[in-house]
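Q: I would like a close look at one part of this model, with the cut-offs stated.

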Amino acid sequence: MKSTEYMIIGGGPTGLGAAHRLDELGHNDWVLVEKAQNLGGLASSVVDDQGFIWDLGGHVLFSHYNYFDNLLDDLLGENWFEHEREAWIWMRNQWIPYPFQSNMWRLPQADLEKCLLGLESINENKISTVGMNFDEWIVDSFGEGIADVFMRPYNYKVWAYPTRELAANWTGERVATIDKDEVLKNIKDKSDLKSWGPNAVFRFPKEGGTGSIWNALGSRLPKDKIILDTEIREIEPIEQIAVCENGQQFRYEKLITTVPLPLFIKKLRGKIGESFSKDKLEKFKWSSTHVIGIGIEGVTPAQLRSKCWMYFPEDNVPFYRATVFSNYSPENVPRPGEQWSLMCEVSESSMKKVDHAHIIGDTIDGLYSTGILPDDANLVSTWSRFLPFGYPTPFLGRDEILKDFIPRLEDVNIFSRGRFGGWKYEVSNQDHSLMQGVELVNALLLGEKEETYWNPTAVNNR
Ligand SMILES: Cc1cc2nc3c(=O)[nH]c(=O)nc-3n(C[C@H](O)[C@H](O)[C@H](O)COP(=O)(O)OP(=O)(O)OC[C@H]3O[C@@H](n4cnc5c(N)ncnc54)[C@H](O)[C@@H]3O)c2cc1C
């Protein structure tokens, strides 16, 4: 049996962040075990049979941290594009600039009137989301009209749960709220407001997709400490032993895990595993994501040339978002300038079923029916990937369960962090995830406070 001081499960941004920080601090008694054959986790990229590059869903980079920015600069040097976000919403057979609530003047009259009526009752001074579900928060913040016309259908498509099933306390910077006077002025002037929020400008690697970042970080780490293609099957928490599917065992002093939290808890053997409430474990909600990539011969159609991504709140197409992926980097297609590519995302959950056998065909039909694919489009590649864990749903009661589970794991030297390890959607992007790994190591080695995981609002308000 091998022994290690720090064992990291998962080579996504969180696990790599922890490994990088250990290495940076000159600490060399650690090992990282990853079940896939490559690093990057959900932030990795794939080259399909025809040579098109795909991310696992539309990934764009924006950051709340100097540390993260400096690391990215260092990893890829000049190898970045910077893009201005151009996001659109397709509804009522037309394009509306994102965010919806700032650009409602484009709606058909009946929808616009409904939204305006609802605005009369909104509570602009509300600051607390405590105890609210997401639906209540939407109605309170935007009124019944916007809730019905856009927020409920759109959020159901993204989250795969009705809005009343989600808590409201994650919304912070993730949902644009409303300035009533500005909205009314936009409607009167018929003016668009396109930039809102932290990702109005974003960067993207020139080559290799989002995954190139994490490959670059992985290649800097000592090779003998990274073990790929090896899945952790179970944990003996009292003896502090991790057992792999291939029978290999590791005795650890501290375990950093990025495995989806309820799955990880089920891997704990003995009394400690049994001590986690089954009722609470069953409360976890998440959604899966189907990512469908379409490679097309020819030049990008004029109407898509400057668009980054598009949202689809209506149920006439299966996807909630389509990204013009070749606009992020010309190198995302095998013959730049002669081909282009689209990447669509479809959500799925126990409350929103998807027909797996037909999802690619249904997606292509939807791209034609909305005019995104021209009638004469020559499709040369079709690729898809099913992500069983796509979005960590901020379900009702989540924080109380996390406040129970996470410290109890820490009592036995297990630290669960990252998108699904920590289960806080509001701090689950790549920057947050890497920093969760870095801050955890800073806490364990240097006694510093972890800000991202325990204080998401402060981090996101920076
Ligand atoms: C559809 C979609 C869109 C996104 N868009 C953006 C975006 O625009 N911008 C952004 O910054 N972020 C985005 N993200 C989030 C980004 O992918 C995450 O921030 C990041 O990947 C989380 O890193 P992580 O290490 O916490 O988890 P993961 O990336 O999930 O990594 C966990 C790793 O653990 C491994 N693992 C699991 N179980 C075991 C086991 N038993 N044994 C060994 N290894 C195991 C997995 O194989 C995986 O590699 C998006 C994610 C999705 C799904």
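Why is β13 described as largely enclosed by the rest of the structure? Please go on to the strands around β13 and what they connect to.

A: Two points on conventions come first. This is a predicted model, in which local features need pLDDT of at least 70 and side-chain atom pairs count only at pLDDT 80 or more, while totals for chains, interfaces and linings use all residues. Residues are numbered from 1 along each chain as its sequence is written.

β13 is largely enclosed because 10 of its 12 residues are buried. A residue is buried if 20 or more other C-beta atoms lie within 10 Å of its own, exposed if 12 or fewer, and partly exposed in between, with C-beta atoms placed from the backbone. Strands (E, at least two residues) and helices (H or I, at least four) are DSSP runs, numbered from the N terminus.

β13 covers residues 286-297 and is joined to β16 by 10 bridges, the two strands running antiparallel. Two strands pair if DSSP finds at least two bridges between them. Along this pairing, Ser-288 stands opposite Glu-348 of β16, and Ile-294 is set against Leu-342. β13 also pairs with β17, again in the antiparallel sense, over 11 bridges. There, Glu-297 stands opposite Asn-378.

β16 itself spans residues 339-348, and 10 of its 10 residues are buried. In a regular strand the side chains alternate between the two faces of the sheet. In β16 both faces are covered: Gln-339, Ser-341, Met-343, Glu-345 and Ser-347 are buried on one side, and Trp-340, Leu-342, Cys-344, Val-346 and Glu-348 on the other. β16 has a further antiparallel partner in β15 (residues 321-323), to which 3 bridges join it. Met-343 is the bridge partner of Thr-323 in this pairing.

Leu-342 leads on to the largest nonpolar core, which has 113 residues; Leu-342 is among those with the most contacts inside it, along with Met-7, Ile-8 and Ile-89. Such a core is a set of buried Ala, Val, Leu, Ile, Met, Phe, Trp, Tyr and Cys residues joined through C-beta atoms within 7 Å. Helix α4 (residues 134-159) gives the most to this core, with 11 residues. The core draws at least three residues from each of domain 1 (2-43 + 208-284 + 395-460) and domain 2 (101-189), with bounds that come from an automatic or database domain assignment. Leaving aside neighbours within four places in sequence, Met-7 is in contact with Val-31, Ala-242, Phe-250, Tyr-252 and Leu-255; contact here requires C-beta atoms, placed from the backbone, within 7 Å.

The centres of the two domains, taken over C-alpha atoms, are separated by 35 Å. Contacts between them involve 8 residues of domain 1 and 9 residues of domain 2.

β17 leads on to the ligand: β17 (378-392), α1 (13-24) and α13 (430-446) each supply at least two residues of the shell around the ligand. α1 provides the largest share, 3 residues. In total 36 residues surround the ligand, the closest being Gly-10, Gly-12, Gly-41, Gly-57 and Gly-418; the criterion is a C-beta atom, placed from the backbone, within 6 Å.

Terms used
Contact = placed C-beta atoms within 7 Å.
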